[in-house]
Amino acid sequence: MATTRTYRGWRAWLLAVVSVAACFALRAVLELFGDFYYLPMIPAVVVTAMLARRAPTALAIALCVAGNVALVSREGLTDTIVNAGLFVVVSWLVAEICWAQRRMHRRSMELTRTLAGRNAVLDTVLATVPVVILDRQGCIRRLTPAAANLFGIDSAATAGKSFGDLVHGFDLQRLDGKASNGPLEAPTGHWIGRRPDGRPLILSLQMGVMPEASEEDYAAVCITDLTEAEMATERARDLDIQLHHVWRLNSLGEMAATLAHELNQPLSAATTYVQASQRDIERAGLIGQSAARTLELAKGQILRAGTIIRRMRDMLTTGTRSLGSESIASMIDDLGPAFALIGRDRGVEIRTEVADVDDTVRAERIQFQQALINLVRNAADAVSDQAKPVVLIRGRPLGGEAYRVTVEDNGPGIPGDDMESIFRPMTTTKSSGMGLGLSVTRTIVDSHGGTLTVGRSDMGGACFTIDMPREADDA
């Protein structure tokens, strides 16, 4: 809608003069048909008042009066003053009406623009937010496109059907009865929705009664789809359980390997002593045969104990693993909730910068994720005393040979003398640690054919680097 132009400055004064001159020219033409005095001057006042402010309008009125006094002869001074006064009063009232109309026009334009903006916002909201309009019986009147897409239905075909057919247990009349003394609200909690393909939906509902509600459009229900969020939470919970289980198995395997190594010497010595005792008893002849048989049984049990320990070590730490084609970016992305929990518990910012190009390797998903969790958890513990603790996880391909993952922090770092010893079992700097985390992590990486090294980070702390062989090389 076009707006009325307002003249200002010299243009407004010129407008007043030109309008009055034009009206005098018009009156000169009308004089051919009769006598005209102030009436032809009214258009000059109207035009000036519509397009200019009060001062130019007052000039136009003054010029009209002066022109009439100069050009028209009157019967007397009183007649001249009375007619001039009447023209001034009438023309000023006309000007006030014109100014009021201009104000109303501007106000109307502002309201029109405001209403258009609100309508645009409302249209945008309704296009993106699932909303269902119900009548008093809880039947569907209309669905927004987002709501129809959420339920996988056609909005026209659903009109007139009960909303309870889409959301299990929804009864608007029962809710309306409970809300007779207050506003209508949907009960808190999750609702279960239905789709034609059988896929369930986990929903949150917000309801409100229409202003001046009628039988046709009574209530509006705003729907929030929580399905993906709940599924992500469930996946994170399952992943945490699996990681915890694998951590326990790996820790037990490392402990078994350590015990097997430490017990190997005393068991070997015991076997040697038994064999020496057998030789001494054999010299006693028939008298020592019974004791010799007993020592033979004892030696067999000692050897059996060593075999059992070695089998436990092989099964729990270096046993056969089921390796498959895995994406590094995908495995790290799945750990997002776990990283968030670690960061929140320790007050640490954990960032990831992982390239998802050429990141396919041969790995056992849970084992690799457990190794990465161990490194991130250690890094978060190392930077807990920093003013702005940061742990950065980077991933990038190394040509066609390998893919590199680094875990860096801005903590105090690791002294050069301890760079290699930190991977030894039972070596720890934590008061409550068991010294198995980094040892288990290196064992996992080695079992995948990769390498785990530690160095100095550009951020000032430690930098643990995992180089995983690419799928083609491993094959």
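**Exercise 1. Two phenylalanines and their rings**

Task: In this predicted model, decide whether Phe163 and Phe170 are buried or exposed, and then work out what kind of aromatic pair their rings form.

Solution. Begin with the surroundings of the two residues: Phe163 is buried, and Phe170 is buried as well. Next, take the geometry of the rings, whose centres are 4.9 Å apart and whose planes stand at 85 degrees. Since planes over 60 degrees apart count as edge-to-face, the pair of Phe163 and Phe170 is edge-to-face. Finally, place the pair in its setting, where Phe163 and Phe170 belong to one aromatic cluster together with Phe151 and Trp191.

**Exercise 2. A pair that links distant parts of the chain**

Task: The structure holds 5 aromatic pairs; for the one made by Tyr38 and Phe87, find out why the pair is stacked and which parts of the chain the pair ties together.

Solution. First consider the distance and the angle: the ring centres of Tyr38 and Phe87 lie 4.7 Å apart, and the planes meet at 25 degrees, so the pair is stacked, because planes under 30 degrees apart count as stacked. Then locate each residue, noting that Tyr38 sits in the loop between helix H1 (10–30) and helix H2 (42–51), while Phe87 belongs to helix H4 (residues 77–128). The pair therefore ties together parts that are 49 residues apart in sequence. As a last step, check the accessibility of both partners: Tyr38 has a relative accessible area of 10% and is buried, and Phe87, at 4%, counts as buried too.

**Exercise 3. Reading a sheet**

Task: For the open sheet of 5 strands, determine in what order the strands lie, which strands form the edges, and how many bridges join S1 to S2.

Solution. Start with the order, which is S2-S1-S5-S4-S3, with antiparallel pairing. The edges are strand S2 (140–143) and strand S3 (191–193), each of which pairs on one side only. On average, and with direction ignored, neighbouring strands of this sheet are turned by 35 degrees against each other. Now look at one pairing in detail: strand S1 (residues 131–134) runs antiparallel to S2 and is joined to it by 3 bridges, and Ile133 stands opposite Arg142 in S2.

**Exercise 4. The protein as a whole**

Task: State how many helices and strands the protein has, and what share of its residues is buried.

Solution. The secondary structure comes to 14 helices and 12 strands. Of the 475 residues in the protein, 36% are buried.

Definitions and conventions: Residues numbered from 1 in each chain as written. Predicted model: local features only at pLDDT ≥ 70, side-chain atom pairs only at ≥ 80, totals over all residues. Heavy atoms only, no water. Phe/Tyr/Trp six-rings, centres within 6.5 Å; stacked < 30°, edge-to-face > 60°. Helix = DSSP H or I, 4+ residues; strand = E, 2+ residues; numbered from the N terminus. Buried < 20%, exposed > 50% of the residue type's maximum accessible area, 1.4 Å probe, protein only. Pairing = 2+ DSSP bridges. Axes fitted to C-alpha atoms, helices over the stretch in contact; angles between N-to-C directions.
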